[in-house]
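User: Please take a close look at one part of this model and describe how it is packed against its surroundings. A single connected account would suit me better than a list.

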Amino acid sequence: MEMQDPQELLLKYKQNPQEKTLILLLQALQPIISAVCYKVVKNEADCQDVTQDVLVKLIHDIHQLQKVETILGWVHQIAFYTALDFKRNQIKQRAISKIPLEEHDQDPFDDTSHVLHEHIAKLDNESQQLI
């Protein structure tokens with residue numbers, strides 16, 4: 001089965017919003033989304049979870065996209081930031097699980113910017129440029 005161009009599918013969907021067209025659009029975008037997510041989370045199972053989260057966001061927000069020609073950049077940005085949030089939350093959960101119970105009253109993540117900067121530094125140059 002040949003994949004259709006996401007821009008063409010989005011245009012078709014905007015002209016006549018049908019579930020079938022939306023499904024084809026999401027199928028065309030899924031490999032792109034998965035590739036972006038995997039570059040950030042570096043784990044296949046997590047990548048699948050984040051990809052699903054991105055697809056749900058796209059379904060919810062697709063009507064907000066005004067310019068059909070910007071769909072790939074828009075999808076890339078949503079995928080990247082969703083994966084980055086997932087990774088950040090994962091790190092935060094690991095750190096919290098290592099804190100003894102009496103220390104849970106203090107929030108060690110009042111300033112999480114250092115975590116974000118660490119992970120941005122690990123990204124390839126193209127991904128860093130997007131941020």
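Analyst:
**Helix 4 and its partners**

Helix 3 and helix 4 pass each other in a right-handed crossing. The model is a predicted one, and every value below is computed from it. The two axes approach to within 9 Å, with a crossing angle of roughly 130°. An angle between 115 and 145 degrees is neither roughly perpendicular nor roughly antiparallel, so helix 3 and helix 4 are oblique to each other. On the helix 3 side, the contact is made by D46, V50, D53, V54, K57, L58 and D61. Helix 4 contributes W74, V75, I78, A79, T82, A83, F86 and Q90.

T82 gives a view of this contact from one position in helix 4. Its relative accessible area is 7%, and the cut-off for a buried residue is under 20%, so T82 counts as buried. Setting aside neighbours within four places in sequence, T82 touches V50, D53, V54 and K57. These four residues are also listed among the helix 3 residues that make the contact with helix 4. An α-helix has 3.6 residues a turn, so positions three or four places apart point the same way.

Helix 4 has a second partner in helix 2. Here the axes also come within 9 Å, but the crossing angle is roughly 40°. Helix 2 and helix 4 are therefore oblique to each other, and their crossing is right-handed. From helix 2, the residues involved are L25, L29, I32, I33, V36, C37, V40 and V41. From helix 4, they are I71, L72, V75, H76, A79, F80, A83, L84, F86 and K87. V75, A79, A83 and F86 appear in this contact as well as in the contact with helix 3.

Helix 2 itself runs from residue 19 to 41 and bends by about 40° at L29. A proline, P31, follows the bend within four residues. L29 is one of the buried residues of helix 2 and is also part of the contact with helix 4. The other buried residues of helix 2 are T21, L22, L25, L26, A28, I33, V36, C37, V40 and V41. Their cover includes helix 1 (6-15) and helix 3 (44-61) in addition to helix 4 (71-97).

Beyond the end of helix 2 comes K42, in the loop that joins helix 2 to helix 3. K42 has a positive phi of about 55° although it is not a glycine. Most residues other than glycine have a negative phi. K42 counts as exposed, because its relative accessibility is 56% and the cut-off is over 50%.

Helix 1, part of the cover over helix 2, contains L11. L11 is partly exposed, at a relative accessible area of 42%. Its C-alpha atom is 6.4 Å from that of V68, although the two residues are 57 apart along the chain.

The rest of the protein gives the setting. It has six helices and zero strands, in the order α-α-α-α-α-α along the sequence. Of its 131 residues, 34% are buried. Among contacts with a separation of 6 or more, 61% join residues 24 or more positions apart. The protein exposes about 8,800 Å², of which carbon and sulfur atoms supply 51%.

Technical notes:
Residues are numbered from 1 along each chain as its sequence is written. This is a predicted model: local features need pLDDT of at least 70, side-chain atom pairs count only at pLDDT 80 or more; totals for chains, interfaces and linings use all residues. Side-chain values use heavy atoms; hydrogens and water are left out. The bend at a residue is the angle between axes fitted to the seven residues ending there and the seven starting there. Helices (H or I, at least four residues) and strands (E, at least two) are DSSP runs, numbered from the N terminus. Buried means under 20% relative accessible area, exposed over 50%, partly exposed in between (1.4 Å probe, protein chains only). Contact means heavy atoms within 4.5 Å. Accessible areas come from the Shrake-Rupley method with a 1.4 Å probe; for residues, only the protein chains shown count as cover. Axes are lines fitted to C-alpha atoms, for helices over the stretch in contact, and angles run from 0 to 180 degrees between N-to-C directions. Angles under 35 degrees count as roughly parallel, over 145 as roughly antiparallel, 65 to 115 as roughly perpendicular and the rest as oblique. A crossing is left-handed if the near helix is turned anticlockwise from the far one by less than a right angle, and right-handed if clockwise.
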